[in-house]
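Here is a walk through one protein chain, from a single residue out to the whole fold and back. Keep the structure open beside the text and click along as you read.

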Amino acid sequence: MSFITQTEAETNVDGFSALSDSDKARYLAQSSAYLIARNVQDYSDVTLVPDVLKLASYEVIRGIIAGSLYQGKTQTLTSKEVSAQSGTSVKKSFADGSVELNSYEQYINDLIYPYASRPAVRFLRRL
């Protein structure tokens, strides 16, 4: 399944129509995989996909074409220290070779946030 059609991508993503058919299919699959991996509900009918998710799909493809997404690196936090003595300070340490989220990822995450299912917390009461 996909959140957008090939025709929609060709219309809304610059340079997409110039790609080979195999690249188009791969980018559409990667776009779907990117959103599904972030807990966005997959739609069986592309006509039911909200416009915001379509926009996120276009951004994923733009990010892949620009070489900013699916580069194999993520920023991994290894430790965080907060100190409240004589003012507040925060110290974070990241793993070697990790990178920050780029502008494509930040924008996509903001677009899909309302559609991503989050784990529910249940409070249980003993009887």
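F3 is a good place to put your cursor: with a relative accessible area of 0%, F3 is buried, where buried means under 20% relative accessible area, exposed means over 50%, and partly exposed is anything in between (1.4 Å probe, protein chains only). Before going on, note that this is a predicted model, in which local features need pLDDT of at least 70 and side-chain atom pairs count only at pLDDT 80 or more, while totals for chains, interfaces and linings use all residues. Residues are numbered from 1 along each chain as its sequence is written, and side-chain values use heavy atoms, with hydrogens and water left out.

F3 has a ring partner, and the structure holds 1 aromatic pair. The partner is Y43: the two ring centres sit 6.3 Å apart with the planes at 70°, so this is an edge-to-face pair. For the pairing rule, rings of Phe, Tyr and Trp (its six-membered ring) count if their centres lie within 6.5 Å, with planes under 30 degrees apart called stacked, over 60 edge-to-face and the rest tilted. Y43 counts as buried too, at 15% relative accessibility. Since F3 lies in the segment before α1 (6-12) and Y43 in the loop between α2 and α3, the pair ties together parts that are 40 residues apart in sequence. Helices here are DSSP runs (H or I, at least four residues), as are strands (E, at least two), and both are numbered from the N terminus.

What else does V49 touch around there, leaving out residues up to four places away in sequence? V49 touches F3, Y43 and K54, a touch or contact being heavy atoms within 4.5 Å. V49 belongs to the loop between α2 (21-37) and α3 (51-65), and V49 is buried, at 4% relative accessible area. The C-alpha atoms of V49 and I4 are 7.9 Å apart, although 45 residues separate them along the chain.

Now zoom out. The chain has 4 helices and 2 strands, and reading from the N terminus the order is α-α-α-β-β-α. Of its 127 residues, 28% count as buried. Among contacts with a separation of 6 or more, 65% come from residues 24 or more positions apart.

Next comes the core. The largest nonpolar core has 23 residues, and L35, I61 and I108 touch the most other members; such a core is a set of buried Ala, Val, Leu, Ile, Met, Phe, Trp, Tyr and Cys residues joined through side-chain atoms within 4.5 Å. The elements giving two or more residues to this core are α2, α3 and α4, and α3 supplies the largest share, 6 residues. Leaving aside neighbours within four places in sequence, L35 contacts F3, V40, L53, A56, S57, V60, I108 and I112.

One of those partners, L53, sits in helix α3 and is buried, with a relative accessible area of 0%. The C-alpha atoms of L53 and L35 are separated by 8.6 Å, and the two are 18 residues apart along the chain. With neighbours within four places again left out, the contacts of L53 are F3, L35, V40, Y43, I112 and Y115, so F3 turns up here as well.

What about helix α4 (residues 103-112)? Its buried residues are E105, I108, L111 and I112. They span an arc of only 125° around the axis, which puts them on the same side of α4; the arc is taken from the directions from the helix axis to the C-beta atoms. As a reminder, an α-helix has 3.6 residues a turn, so residues three or four places apart point the same way. The cover over the buried residues of α4 includes α2 and α3. On the face turned away from that buried side, you'll find the exposed residues S103 and D110.

Two last stops. N39 lies in the loop between α2 and α3 and is partly exposed, at 43% relative accessible area. Its phi is near 65°, a positive value in a residue other than glycine. Most residues other than glycine have a negative phi. Finally, R38 lies over the face of Y34, 3.5 Å from the ring centre; the rule is NZ of Lys or CZ of Arg within 6 Å of the ring centre and within 35 degrees of the ring normal.
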